[in-house]
2 protein chains.
Amino acid sequence: MPSEPKAALIVIGNEILSGRTQDANIQFLATSLGKLGIPLCEVRVIPDIEDEIVDAVNTLRSIHSYVFTTGGIGPTHDDITAAAVAKAFGVPLERHQPSVEKMKKFYSARLNEARLKMADLPKGAEPIETRATSAPGIQIENVFVLAGVPSIARAMFDSVAPSLTRGAPVLSRFVEAHLGEGDIADALTTIQNEHPHVDLGSYPFFRGKRIGLSVVAKGTDKSDIDTVIDKVAAAIRDLGHDPSVDVQLDN
Amino acid sequence: MPSEPKAALIVIGNEILSGRTQDANIQFLATSLGKLGIPLCEVRVIPDIEDEIVDAVNTLRSIHSYVFTTGGIGPTHDDITAAAVAKAFGVPLERHQPSVEKMKKFYSARLNEARLKMADLPKGAEPIETRATSAPGIQIENVFVLAGVPSIARAMFDSVAPSLTRGAPVLSRFVEAHLGEGDIADALTTIQNEHPHVDLGSYPFFRGKRIGLSVVAKGTDKSDIDTVIDKVAAAIRDLGHDPSVDVQLDN
């Protein structure tokens, strides 16, 4: 377990890999984890294949404080995440009776064996309960298994967020200007070298026909970030451009 | 090298992992590769850290026909993809003179050392040239290094697409209905078992307040897919719902 918390995300989804669906969970989890001081350090998008899920879960849970998965916990034949996570931990699936009771109330006569599969949790796991569905997400050790449907994934994340160990909040500020990255590259290198504890990133953009760039400073020390942003803004002015500096973003 | 071509994508981007930017390249590459019969089998989103890029490139290039990367080939200090890919292949970077000449024409007096870095290619690599920029993408063996800016990534992909070995085109059709996944799960399992060569996926959706699901059949045999979709539509009608069947999508 690393000293500062960090997270990985496994998106289990043939529909993302086929291009049929635009992923809508990466950005939400990245932002939500960042607010808790738990940087998202890696995302893997993999297909609904048991061995690949087992490998990804076991690789990532050994090197990250937290691993989240999205997708594959519904009632159909292609929903194999719970079984794969159980296999990753070397435990059997067990039907979770409190979830069965909750689902009985919700589904009534429509509760069938396919739906009951959603109450099967790896032995030793805890359900992640929400108001969004009667079927639970799953927590086992440092692995959190969330639904793929974005609204339900969010509800499940919100349900577990208070239990996560937080790190130092990552603060960020950015400056934008209508100039090419190459014009300011040398100045950015100098500023980055002067402030190794600030993560300085440069991201070009095209808005309509105008090119420009966003320079983002991230770190845990507010005064360091302010100093870096002031230096970048000064470098932009030296090049004869107007910097537009954002207000402080406490990520 | 697998007998049927398959691809992996490495998204190199702190800005995706921080949640600041919504990825816009995964879906484009997934769809474009699918049209060529080259399924995208895995995506990794990793930070701008040399060792992580080297590891991901070397792991994925040994098991996939093609590996694409996006991001990190600009002129600033955080653009380290070319150097990391060179390291992955154990070769030095070399300045590519034809690219230098092209950039001289484009940038004129604004060509500086930072921008010239974009003409440094791993030894033995070929430039990926486009009309979108004077700075090239990079091909080395089965690895294609594309820009992160979506419009440039697309131009670079279009430039290399004709050279890729195509597989059998993946065809897909889908049916949608306003019912719960659990209602039709048993029928889908039966149909999947009867047609093991068709990949049958079930994806719930929420449109406004109405729930529903899309059932997608994918494969390389049109008549198999048609049969599967007919069976799914019949199962939906048996449950008292109206299926809306799409027109044939030749992916």
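Here are some questions and answers about this predicted model of two chains, A and B.

Me: Happy to start with chain A: how many helices and strands does its secondary structure come to?
Reply: The C-alpha atoms of chain A fill a box of roughly 70 × 40 × 30 Å along the principal axes. Buried residues make up 47% of its 251 residues. Its secondary structure comes to nine helices and 12 strands.

Me: What share of the contacts in chain A with a separation of 6 or more comes from residues 24 or more positions apart?
Reply: Two residues are in contact when their C-beta atoms lie within 7 Å. Taking the contacts in chain A with a separation of 6 or more, the share from residues 24 or more positions apart is 68%.

Me: What relation do the two chains have to each other?
Reply: Chain B can be superposed on chain A by a rotation of 180° with 0.0 Å of shift along the axis, at an RMSD of 0.0 Å. Because of that rotation and shift, the relation is that of a two-fold axis.

Me: Which residue of chain B has the C-alpha nearest that axis?
Reply: The axis in question belongs to the 180° rotation that superposes chain B on chain A. In chain B, the C-alpha nearest to the axis lies 2.2 Å from it, and that C-alpha belongs to B:R44.

Me: Do the copies meet through the same surface or through opposite ones, and what percentage of the interface residues of chain B tells us?
Reply: The contact takes 48 residues from chain B and 48 residues from chain A. The copies meet through the same surface, because the interface residues of chain B that are also interface residues in chain A come to 100%.

Me: Which element gives the largest share of the side of chain B that touches chain A?
Reply: Elements giving two or more residues to this side include α1 (14-17), α2 (26-35), β10 (199-207) and β11 (210-219) of chain B. By type, the residues on this side are 19 nonpolar, 17 polar and 12 charged. The largest share, eight residues, comes from α8(B).

Me: Is B:T189 buried, exposed or partly exposed?
Reply: B:T189 sits in helix α8 (residues 181-194) of chain B. A residue needs 20 or more C-beta neighbours within 10 Å to be buried, and 12 or fewer to be exposed. B:T189 has 15 such neighbours inside 10 Å, so it counts as partly exposed.

Me: How many bridges join β2 of chain A to β2(B)?
Reply: These strands pair in the antiparallel sense, and the strand on the chain A side covers residues 40-46. Within the pairing, A:V45 stands opposite B:V43. The number of bridges between the two strands is three.

Me: And which residue in β2(B) is the bridge partner of B:V11?
Reply: Strand β1 (residues 7-12) of chain B runs parallel to β2(B), with six bridges joining them. In β2(B), the partner of B:V11 is B:V45.

Me: Which strands stand at the edges of the 12-strand sheet?
Reply: The sheet is open, has mixed pairing, and includes strands of both chains, with β2(A) next to β2(B) in its order. Its twist averages 20° from one strand to the next. Each edge strand has a single partner, so one side of each is left without a neighbour in the sheet; these strands are β6 (126-128) of chain A and β6 (126-128) of chain B.

Me: Which residues touch the most other members of the largest nonpolar core?
Reply: Nonpolar side chains tend to be buried together in soluble globular proteins. The largest nonpolar core here has 100 residues, and those touching the most other members are A:L9, A:I10, A:V85, B:L9, B:I10 and B:V85.

Me: Is B:A177 buried or exposed?
Reply: B:A177 lies in strand β9 (residues 171-177) of chain B. Leaving aside neighbours within four places in sequence, its contacts include B:G212, B:L213 and B:I236. With 22 other C-beta atoms within 10 Å, against a cut-off of 20 or more, B:A177 is buried.

Me: What is the phi of A:E141, about?
Reply: Most residues other than glycine have a negative phi. A:E141, in the loop between β7 (137-140) and β8 (143-146) of chain A, is not a glycine, yet its phi is positive, at about 50°.

Note on methods. Residues numbered from 1 in each chain as written. Chains lettered and ligands numbered in written order. Predicted model: local features only at pLDDT ≥ 70, side-chain atom pairs only at ≥ 80, totals over all residues. Helix = DSSP H or I, 4+ residues; strand = E, 2+ residues; numbered from the N terminus. Nonpolar A, V, L, I, M, F, W, Y, C, P; charged D, E, K, R; others polar. Pairing = 2+ DSSP bridges. Least-squares fit on C-alpha atoms with pLDDT ≥ 70 in both. Core = buried A, V, L, I, M, F, W, Y, C linked by C-beta atoms within 7 Å. Axes fitted to C-alpha atoms, helices over the stretch in contact; angles between N-to-C directions.
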